[in-house]
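Thank you all for making time this morning. Please take a moment with the sequence and the model before I begin to talk through them.

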Amino acid sequence: MSEVKGDPRWKVYADHIQLLCERHLAMAQAEKDKLGDPMTFLSPEENGKLKLRAAYHQGKAEGYSDTLKVIKDLIDRGKEPEPIPMEETAA
């Protein structure tokens, strides 16, 4: 992460993505806490919705985290990504 934030071209973007990642992680944890609270009584439908929201936020956080890894990889390689051949894009 320090490589990304050390590059002024990526710092603003990386800070924004990091904030989004942390926000979704916090929301996922809040949903998981509700699911694990023995004093919270939910109908099966509410329980299912809560699990879906927790999974949604967890997935978003992981996606944002992976985005930061792509930036680091690009900086480490020092070049633009290689173009995808046309036959692969059509599939």
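I will go from the whole chain to a pair of helices, and then to a few single residues.

Please keep in mind that this is a predicted model, in which local features need pLDDT of at least 70 and side-chain atom pairs count only at pLDDT 80 or more, while totals for chains, interfaces and linings use all residues. Residues are numbered from 1 along each chain as its sequence is written, and side-chain values use heavy atoms, with hydrogens and water left out.

Let me begin with the chain, which holds four helices and zero strands, where helices (H or I, at least four residues) and strands (E, at least two) are DSSP runs numbered from the N terminus. Along the sequence the pattern therefore reads α-α-α-α. Of its 91 residues, 18% count as buried, and buried means under 20% relative accessible area, with exposed over 50% and partly exposed in between, using a 1.4 Å probe and protein chains only. If we take the contacts in the chain with a separation of 6 or more, where contact means heavy atoms within 4.5 Å, then residues 24 or more positions apart account for 65% of them.

Which residues form the largest nonpolar core? That core has eight residues, namely Ala14, Ile17, Leu20, Cys21, Ala61, Tyr64, Leu68 and Ile71, and by a nonpolar core I mean a set of buried Ala, Val, Leu, Ile, Met, Phe, Trp, Tyr and Cys residues joined through side-chain atoms within 4.5 Å. The elements that give two or more residues to this core are α2, covering 8–36, and α3, covering 44–77. As general background, nonpolar side chains in soluble globular proteins tend to be buried together.

How do these two helices lie against each other? The axes of α2 and α3 come within 8 Å and cross at roughly 155°, the axes being lines fitted to C-alpha atoms, for helices over the stretch in contact, with angles that run from 0 to 180 degrees between N-to-C directions. The two helices are therefore roughly antiparallel to each other, since angles over 145 degrees count as roughly antiparallel, under 35 as roughly parallel, 65 to 115 as roughly perpendicular and the rest as oblique.

Now to single residues, starting with Glu31, which has its place in helix α2 and counts as buried because its relative accessibility is 9%. Leaving aside its neighbours within four places in sequence, Glu31 is in contact with Leu50, Arg53 and Ala54.

Ala54 is found in helix α3 and, at 6% relative accessibility, counts as buried. Ala54 and Glu31 are 23 residues apart in sequence, yet 5.3 Å apart in space, C-alpha to C-alpha. With neighbours within four places set aside, the contacts of Ala54 are Ala28, Glu31 and Lys32.

His57 also belongs to helix α3, and it counts as buried at 11% relative accessibility. Again without neighbours within four places in sequence, His57 is in contact with His24, Met27 and Ala28.

Is Glu62, in helix α3, buried or partly exposed? At 44% relative accessibility, Glu62 counts as partly exposed, and its C-alpha atom is separated by 7.4 Å from that of Cys21, 41 residues apart along the chain.
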